[in-house]
Amino acid sequence: MALKLFRRHGKDCSKKYSKEDRVHEFDSLKTTGKVQCNCPISVDGKLADSYLKAKATGCRDWESARRVVVTWERAGEPSSALLPRDASYELITVERTVESFYMVQRNKDICGARLKQYEQLLTLRLIPFAQSRNLQYIQEMDKALVWAEFRNSWENQNPLRNKKPVEGKPIPRVSVGKRTASRMIGDLRIFLNHCISNEWLSENWAHKQHGMVTSKVKDPKDPFSDVDILYIYRAAEHVTDGRRHTGTQNGFEDLVFAFVLRYTGLRISDVCMMKVSQLVPFRHGGWTHAISCHPIKTSATRSKGNHVLIPIPSDNLPSHPNVVAALEALPPKHGEYFFLGGGPVPEEGSAAWKDRMRHATNGWRERMTRLFGLAAELMALDGKQFSVHPHPHRFRHTFCAWLLRQGMSLRTVASYIGDTEDTVRAHYGKFSIAEQVEAAKAFGEAVRKAPGVAGVSYGDLWQRLLQ
């Protein structure tokens with residue numbers, strides 16, 4: 001049985017709630033922000049093999065309404081006069097609910113990595129959880145307590161971080177981290193909205209008013225310092241694949257990959273699949289070459305195409321590495337890629353291609369992480385340490401901060417990285433010199449036009465105060 005009580009509001013509701021804005025039995029101002037009114041109490045939920053849709057109990061206080069519901073639950077017969085069967089309503093299993101959600105997401109053409117995140121939450125966690133609680137239908141889960149228990153069941157599925165378990169020692173049970181939990185709560189809200197739109201659930205039980213609170217901790221968007229960058233470059237001299245000596249081709253590839261991340265702001269996946277044909281002549285503004293690319297991060301940039309030419313240093317900037325020469329020195333992989341090595345390349349756009357891109361991206365992410373580890377060791381020998389937590393995406397932050405500090409507009413930086421101007425302002429606005437200069441000019445004009453205080457000589461005033 002899964003009947004639940006709620007107030008069904010009318011036009012004369014003392015708290016002015018709409019009909020759709022339910023107040024449940026244990027809702028309170030402290031926990032949900034909802035104040036109890038005196039509207040009639042209704043009930044809905046699963047009963048036997050049927051589903052009862054919003055039936056009035058005839059009561060206005062919770063105790064009397066609970067007694068009525070207990071009587072109905074004991075009867076348990078959806079064919080009784082009090083509990084008419086809703087022939088148009090179908091009970092749907094948790095598995096079918098999840099599959100219908102996946103179908104909708106695939107129709108939206110979301111990326112494979114995003115779909116995999118949903119699968120980790122729903123297929124690997126929600127379905128086993130429902131089975132362990134003997135909850136067959138999604139309608140049986142239409143209550144806050146069930147979803148609170150589901151949230152509390154989230155554990156790290158790799159607590160040993162890929163290390164082999166020690167014989168005779170139990171594997172520890174570790175809760176998921178704050179960042180992971182926040183992402184999963186966001187995904188759960190999207191899934192529950194899908195259930196609400198199909199009238200399988202009455203409310204989004206993953207909202208904060210039901211105790212599902214996301215962490216506001218965000219990774220700072222600060223760039224690498226010049227010292228950080230220097231030691232990362234030096235670390236490439238110590239890279240080895242375990243079979244060769246240091247200073248091998250692997251180290252050079254890692255160094256060039258770091259160059260491209262640093263001077264283009266592209267994501268690892270974009271650099272990983274970058275083709276030789278994307279290095280094009282670009283003789284404007286003192287540059288010689290540029291990377292022709294289509295950086296896309298949001299639906300807005302996807303709809304606009306966002307083709308850009310990102311100039312990269314050659315011998316025209318003596319104080320910077322010659323990125324053009326470094327790329328040209330790399331032997332092409334499969335005849336057309338700078339960094340995409342390995343086995344045969346599947347057809348672009350196919351499922352195998354997406355899997356290959358994900359595998360290659362993860363591989364280069366691991367190589368960059370090893371490079372940071374070597375850099376940290378070199379810095380420790382000199383009594384130094386990273387100014388920020390090193391990770392590959394930090395190169396993107398460095399690129400954006402560098403351009404904005406030189407006076408480039410937020411709009412241009414946004415087009416280079418395939419993001420929106422508002423997002424760039426939110427993440428990197430503190431580095432935007434151009435906006436601050438424009439603001440200072442406007443501020444100065446306003447102050448010059450504004451009249452001062454009549455009859456006051458500030459020079460005389462300072463002198464009197466200093467005596």
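Biologist: Let's start with the end of a helix: which residue following α13 has a positive phi?

Modeller: Bear in mind that this is a predicted model. α13 covers residues 394-405. Its follower with a positive phi, near 95°, is Gly407.

Biologist: And how far does α13 reach from its first C-alpha to its last?

Modeller: The helix has 12 residues. At 1.5 Å a residue, the expected reach is 16 Å. The model comes out close to that, at 16 Å.

Biologist: Is α13 largely enclosed or open, and how many of its residues are buried?

Modeller: Among the buried ones are Arg394, Arg396 and His397, along with Phe395, Phe399 and Leu403. Because so much of the helix is covered, α13 is largely enclosed by the rest of the structure. The count of buried residues is 10 of the 12.

Biologist: Which residues does Val413 contact, leaving aside neighbours within four places in sequence?

Modeller: Val413 sits in helix α14, residues 410-417. Its relative accessible area is 0%, so it falls under the 20% cut-off and is buried. Cys400, Leu403 and Leu404, three of the residues it touches, are themselves buried in α13. The full set of partners is Cys400, Leu403, Leu404, Met408 and Val424.

Biologist: How far apart in space are Val413 and Gly265?

Modeller: Along the sequence, 148 residues separate Val413 from Gly265. In space, going C-alpha to C-alpha, the distance is 9.3 Å.

Biologist: Moving to the sheet, which strands stand at its edges?

Modeller: The open sheet has 3 strands in the order β5-β6-β7, with antiparallel pairing. An edge strand has a single partner, so one side of it is left without a neighbour in the sheet. That describes β5 (279-281) and β7 (308-312).

Biologist: Which residue of β6 is the bridge partner of Leu279, and which residue of β7 pairs with that one?

Modeller: β5 and β6 (residues 289-293) pair over 3 bridges, and in β6 the partner of Leu279 is Ile291. On the other pairing, β6 and β7 share 5 bridges. There, Ile291 has its own partner in β7. So the trail from Leu279 passes through Ile291 and ends at Ile310.

Biologist: How many residues of β7 are buried?

Modeller: β7 stands at an edge of the sheet, so one of its sides has no neighbouring strand there. Even so, the strand is mostly covered. The buried count is 4 of its 5 residues.

Biologist: Which residues of α5 make the contact with α6?

Modeller: The axes of α5 (residues 144-152) and α6 (residues 178-197) come within 12 Å and cross at roughly 145°. The crossing is right-handed. From α6 come Ala181, Ile185, Leu188, Phe191 and Leu192. The α5 side is made by Trp147, Phe150 and Arg151.

Biologist: Is Ile138 buried or exposed?

Modeller: Ile138 lies in the loop between α4 (112-132) and α5. Its contacts beyond four places in sequence include Ile92, Thr97, Trp147, Cys195 and Trp200. Its relative accessible area is 0%, so Ile138 counts as buried.

Biologist: What is the relative accessible area of Gln105?

Modeller: Gln105 is in helix α3, residues 94-107. It touches Ile110, Leu115, Tyr118 and Ile190, not counting residues up to four places away. Buried means under 20%, and Gln105 qualifies at 5%.

Biologist: How far apart are the end C-alpha atoms of α12?

Modeller: Helix α12 runs over residues 351-381, and just after it Gly383 takes a positive phi of about 70°. With 31 residues at 1.5 Å each, the helix should span 45 Å. The model agrees, with the ends apart by 46 Å.

Biologist: Before I lean on any of this, which element has the lowest mean pLDDT?

Modeller: The chain averages a pLDDT of 84, and 88% of the residues score at least 70. Residues 77-85 stay under 50, so take their 15 contacts beyond four places with the confidence scale in mind. Among the elements, β5 has the highest mean, 96. The lowest mean, 51, belongs to helix α10.

How values were computed:
Residues numbered from 1 in each chain as written. Predicted model: local features only at pLDDT ≥ 70, side-chain atom pairs only at ≥ 80, totals over all residues. Heavy atoms only, no water. Pairing = 2+ DSSP bridges. Helix = DSSP H or I, 4+ residues; strand = E, 2+ residues; numbered from the N terminus. Buried < 20%, exposed > 50% of the residue type's maximum accessible area, 1.4 Å probe, protein only. Contact = heavy atoms within 4.5 Å. Expected span 1.5 Å × (residues − 1). pLDDT = per-residue confidence, 0-100. Axes fitted to C-alpha atoms, helices over the stretch in contact; angles between N-to-C directions. Left-handed = near helix turned anticlockwise from the far one by under 90°.
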